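Here are a few exercises to work through with the structure open beside you. Try each one before reading its solution.

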Amino acid sequence: MRILYLLFAVLFLLFQAAPGSADPIFADTAECRSQGNFCRAGACPPTFAASGSCHGGLLKCCSK
């Protein structure tokens, strides 16, 4: 039974995120978020307008 606790601890350390791994992969996503906008899969909310794309063109960049 103790081996399960050890196995859980090892798996936890293996799947733990490394520092810096949360950086955006796509340049258009980084540019959208740096301007204070957000990415959305569907249409932008009524008070926002689509100002570009995110995630390589898969999402829309919504700005106020």
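**Exercise 1.** In this predicted model, decide whether K60 is buried, partly exposed or exposed.

*Solution.* Start with the relative accessible area of K60, which is 39%. Buried means under 20% and exposed means over 50%. K60 therefore counts as partly exposed.

**Exercise 2.** Find out where K60 sits and what K60 touches.

*Solution.* First, place the residue: K60 belongs to strand β3, which runs over residues 59-63. Next, skip the neighbours within four places in sequence; K60 then contacts F38, C39, R40, G42, A43, A50, G52, S53 and C54. Now take C39 from that list. C39 and K60 lie 21 residues apart along the chain, yet their C-alpha atoms are 5.5 Å apart.

**Exercise 3.** Describe the stretch that UniProt lists as "domain: Beta-defensin-like".

*Solution.* The UniProt entry, an unreviewed one, gives residues 28-62. Over that range, helix makes up 20% and strand 37%. The end C-alpha atoms of the stretch are 12 Å apart.

**Exercise 4.** Check whether the length of helix α1 fits its residue count, then work out how covered the helix is.

*Solution.* Helix α1 covers residues 2-14, so its 13 residues at 1.5 Å each should span 18 Å. Its end C-alpha atoms are 19 Å apart, which agrees. As for cover, the number of buried residues in α1 is 0. Take V10, which is in this helix: its relative accessible area is 41%, so V10 is partly exposed. V10 also joins I3, L4, L6, L7, L11, L14 and F15 in a nonpolar surface patch, with about 850 Å² of accessible area together.

Key: Residues numbered from 1 in each chain as written. Predicted model: local features only at pLDDT ≥ 70, side-chain atom pairs only at ≥ 80, totals over all residues. Heavy atoms only, no water. Helix = DSSP H or I, 4+ residues; strand = E, 2+ residues; numbered from the N terminus. Expected span 1.5 Å × (residues − 1). Buried < 20%, exposed > 50% of the residue type's maximum accessible area, 1.4 Å probe, protein only. Contact = heavy atoms within 4.5 Å. UniProt positions renumbered as here; feature names shortened; annotations may be inferred. Patch = residues over 30% accessible without salt bridge, like charges linked within 9 Å, V, L, I, M, F, W, Y side chains within 5 Å. Areas by Shrake-Rupley, 256 points an atom, 1.4 Å probe, with all protein chains shown as cover. Salt bridge = Lys/Arg side-chain N within 4 Å of Asp/Glu carboxyl O.
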